[in-house]
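Please walk me through this structure. I would like to see how one helix sits and how charged side chains link distant parts.

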Amino acid sequence: MGEGDWSDKFSLDVVGSSGTVQSKNKTRTWEVGVSIQLTNSGLTKVVTFTPYYMLVNTSPYTLLCKENSADSDWIEIPSKECVPVWPMQTGKEMTMQTKVKDTDICTSHFLFNKPHSTLLKLDNEYGGINVECQETESSVVTTLTNYKTGMATVLIINQTDKCNISYQQSGSGRPVHVMGPSMVGLYTWEDSIGKREIHWTCGEKKDVKNDLSQDGIGEVFFNSDTKVYWVSFLNGMQRVLLFTHDLALATIAQEAGELERIEQEINLNIQGMGLSLVNNYKQQEVAFLGITSSGIIWEEKRKRYKAFNLKNCLALEAAYQKYETEKLGGHTPPDMLRIDKMEVNFKDMMMFKPNKRMIRRSFQDGIWVQYKTSPHQVQFHAKINRVQLDNQVAGSVFPTVISPMPPPKSVAAESVPKPFTEISMMLRKHEHSNISQMKYFKVLIQEMQVKVDQGFLNNILDLFSSDQEASRDQEKQLMEEDIERTEKDLITTMGVSLASEQKMFYDYLHLSPIKVHLSFSLQGGGGGDGKPTQLHSNVINVFLQSVGVVLTDVQDVVFKLGFFERQHTFYNNKMLVGEMTTHYAGQAIKQMYVLVLGLDVLGNPFGLLRGMAEGLEDLFYEPYQGAIQGPEEFAEGLALGVRSLFGHAVGGAAGAVSRITGTLGKGLAALTLDDEYQKKRREAMNKRPANVGEGFARGGKGLVMGVFDGVTGIVRKPIEGAKKEGVEGFFKGVGKGLVGVVTRPTSGVIDFASSSFEGIKRIAENVGEIHRLRPPRRFHKDKVIRPYNEAEAAGYAILLETEKGKFYKTDDYVAHAVVTKDQKNVFLVTNKRVIFASRGEIFGQWNCEFTYVWAELKEKPKANNKGFELVLKEKEKKFLFGASSTKKEIHIQDKKTVEYIIGKISEAWDNAN
C-alpha cells in the first residue's frame, strides 16, 4: 500500500473472520481491515479491504481534523460523510484535534485509536464537538457530532446558601474553577487524554476525588456546624453533581428505587419440561430436549435461604433419611444430632452449630423466574437448573448432544450447587427522562459438553430443511444481492449509523465466560457400518470444500470464550449487540478454525482487541467459580449505602457493594483455586482406568451400548494389545494432559485408545457417563404418533439392542418384564416369540440367553410360586451332563408383574394362532 512493502501473508480460507494486515516502510505503517465472507452460492469468497482508521461526521457542517505531528495536513470531513485516515504517527496513543471549517478555534487533542466518548470544548458559537471512538477487530471508527444537551461531562449545581465549591481536573497545572452559592454550570474535561477525575473542595473538606462515571451520595462538613450533602446522579444523558443542605432533596435526587415498596411480584416455577423432535415421515424420534429439576438440596436461612455446599447437603440428607427410617420403625431418634461440624434438630428444622439458623429440605425447579416492579424499578431473576439435549436415533455415536459438565468431585464437594444458567437484572427508570439505567445485569453459564455426530446433523437438517432446490430465478436474485454487496460505499460497508438511537446507561453488565468441550464424529446415524456419513447439506459441503479442509473426528477439544463486561457506559441496542457479537462470535469462529480445522486466522484466536493481549488469561475464569447476586441482594447493598446517611455514617456511598469478581467473595473458592482447579482437571485427564475392562466399560467411541456391527472385532485387538504391553502400552498416544490440545485419532489400537479417553477421564475425577434422559420413543406399524410411554420405550430399546437388532427387524414388541433387581436380565414378548435377554458385564450389550417361537411352546405359560413356567413341546437338553427338560422357569417375585406378562403372552399367542 502506498510506499509500503508487502504485508505478511494471510489465509483466505477462514470465512466469517475479520482482522487487520499491515504494510510498512521505515517511517510509516499503513493498516487495513480485512473481512472474509461467503457468497450465497457458497462457491465464492468476498474479501473486503477497508481503511483501519476512519472519521465519520454526523454534524450538519463540514469539520477539519489534523494529527498531532509536524508533517500532517488538515483532513476535510464533509457533513454526513465517512473518510479514511492514514496516520503519520505510530505508538499506543495517537492523537488529533478538530475544528469547524472556516473557523480558527480548535479543540484540545483527543485519542483516535482507543475507545472513548468525550465532549471537546470549543470557545465559539458551536460550543463543542462530541467525539466517540469505537474499536472492532478490523476497524477503529471515530464519530464526530455537534453539541447537544446532555453531552457535557457533568452539570454542577451548587444549591447551598453560602458555600463556594472549587473544582478542577486531576493533575498539576489545571485551571481551578469556583462556583458560588445558588450557581449552576456545565463542565467537560480540559484534557481528554489526561486522567479523567475531578477534584472538588468544599470548606474544610479538601480534594474529594470523583471520576463522574457512577451514581454516588455522601456528606461533608463545610465548617463545624454546616453540613453539605453531595449526590451524583444521571438526569437523562447528563451526569449531575449536586451540592445541597437538604438531605431529603439529596435522597430524592438519588431516586433510591431500592427503598421503594415492591408493587407487583410474579413468580413462575416449572419443575421440568421436555421437547421431543419427531420425523413422522421416517418414523424416527430425532432428539429430546429436557429441562430438569435438581435432586434434594439443604438450605440455611441467613437473610434468605441459601444452599449448603454439596458435601454438607449429602451429609444432612443421609442423616435425615436415617432419622425418618428410625421414626417409621417405631423408634424415637434423639432430637439433637451431630453431623460433621454441624448440630441439627430435624424435628424443629433448626441448626445450632456452627451457627444458629433455620434449615429446610428443598430442591431447585427446572425453570424458576421472578419478576418484581416498583414505581422506579424493575427486578428480574431467572434460573434454568439443567438442560440436556439427547440424540434419540439408534446407532448414534454420542447419545447425549448437549449437557452440563460437572466439575471435578473435589471442587463440587466444597461448592454450592449451581443452576446451568442464571440471569439477574435490576433496571432503574427515571421519572423525568426516558433514559433507563441498567444498575446490574449478570448472566452465568456453566461449563458444558457438546458431542455431535454427522448422522445427528443430517437428521436435524432432514427435519427442518426444504426438499426443493433453489429455482433459477432465486439463484439469479441471490447473485444480484452478492454483486450489490460489493458495490456499497464505505459508510454502508462499515455499518456506521448517522442517526442517533435511544441509549441506555449500563452501570454493570457481565456475561460470564463460556467453556465448551466439543467432540465431533463422522460416523453415526444408524448405518451401523462404521463408515463416515455424508452431510446432506450442500452449503456445508461446499463450504468445507472451499476451505479445502477434510473434517476429521474431534475428541474433547476445549473452547474457552472470555467474559464480556462493561461498566458505567452508554449503549444503544445496536452498539451493544454489535460488541457482544464481535466478542463471542469472533472468538468462537477463530477457535473453531485453529483448534478443529488447524487453519491460521487473522489476528488472535482469542479474538481479543489489540492492547488487551496481555489480559488474555484475565478474561477467563472457570464458570463454576462465578458468583451472581439476585436483584434483591444487589438492591439491599445499594440501599444500605443510602440508609447509612440517615445514621450519619461517613462515606456510605450508594455503590457500597464492591463488584463481585468471578474468583472472590461469597464464600467461594479463593483466588488460588484457579490453578488448583486446572491441576485437578489435568490429573483427571491423565489418570488410567483401574483395569482394561473398566476403561472400555465406561466409554469409547464405537461402544455406545454395543449396537454397532463389528464392534467386538475392534474390541478384540486392543485387548490383545493390552495383554502384550499392559495398560501403559494400550493407552499409548493418549498424551492429552493439557486442556485444548486436539486429539487427532490414528489407526488401530491408538485410535481406539484416544477415542476411549472420555472413560479414562471419568475414572480419575469426574462423575459417570451422562445417559439419555429417557429411551427413544416407540413407533407402531400403523405410523400413528402416540403419547410417550416410558415402559414401552424401555422394552423397545432393549429389543432393538438384543443381538444387535436381530429380532427387531422381524418382530413387533409387545411387552417386557425386568427379572432381576440389578435390571441386567429381562424377559421380552414380541408378536412372534419370547426372549430372555441379559446384559453383558464389560460392554453393556444385550445378549439372548434363550428364545422360543410360539410353535415351540406346548401351551400358554402358568404361574407358580417362583414366577411362571414355559412348557416346551420338545425336551431341551441342558449343557454338558445336565438332564433334559420340557419346562423353563422364569423367576419373578412380584405377582402383579407375573400376571401382566402372562396376560401379554396369552394375547400375543392368540393373535398369532
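What follows looks at a helix and then at salt bridges. The model is predicted.

Start with helix α16, residues 895–912. At 1.5 Å a residue, its 18 residues should span 26 Å. The end C-alpha atoms are 26 Å apart, so the expected and computed spans agree.

Now turn to the two faces of the helix. V898, I901, I902, I905, S906, A908 and W909 of α16 are buried. These residues cover an arc of only 165° around the axis, so they lie on the same side of α16. The face turned away from that buried side carries K896, E899 and N911, which are exposed.

Next come the charged pairs. The whole structure holds 29 salt bridges. Three of them are followed here, beginning with a pair between two strands.

K439 forms a salt bridge with D507, with the closest N and O atoms 3.7 Å apart. K439 lies in strand β36 (residues 436–445) and D507 in strand β38 (residues 503–511). The pair therefore ties together parts that are 68 residues apart in sequence. Buried means under 20% relative accessible area. K439 has 6%, so it is buried. D507 has 7%, so it is buried as well.

A second bridge joins R833 to D811, and here the closest N and O atoms are 2.7 Å apart. R833 lies in strand β44 (residues 833–839). D811 sits in the loop between α15 (790–801) and β42 (813–818). The bridge thus ties together parts that are 22 residues apart in sequence. R833 is buried, with a relative accessible area of 15%. D811 counts as buried too, at 4%.

The third bridge leads back to the helix. The side chains of K860 and D910 meet in a salt bridge, at 3.0 Å from N to O. K860 lies in the loop between β45 (846–853) and β46 (862–863), and D910 lies in helix α16. Parts that are 50 residues apart in sequence are therefore tied together by this pair. Is this pair buried or partly exposed? K860 counts as partly exposed at 32% relative accessibility. D910 also counts as partly exposed, at 43%.

Finally, some salt bridges share partners. Such bridges join D215, R239, R428, K439 and D507 into one network. The strand-to-strand pair K439 and D507 described above is thus part of that network.

Technical notes. Residues numbered from 1 in each chain as written. Predicted model: local features only at pLDDT ≥ 70, side-chain atom pairs only at ≥ 80, totals over all residues. Heavy atoms only, no water. Helix = DSSP H or I, 4+ residues; strand = E, 2+ residues; numbered from the N terminus. Expected span 1.5 Å × (residues − 1). Buried < 20%, exposed > 50% of the residue type's maximum accessible area, 1.4 Å probe, protein only. Arc of directions from axis to C-beta. Salt bridge = Lys/Arg side-chain N within 4 Å of Asp/Glu carboxyl O.
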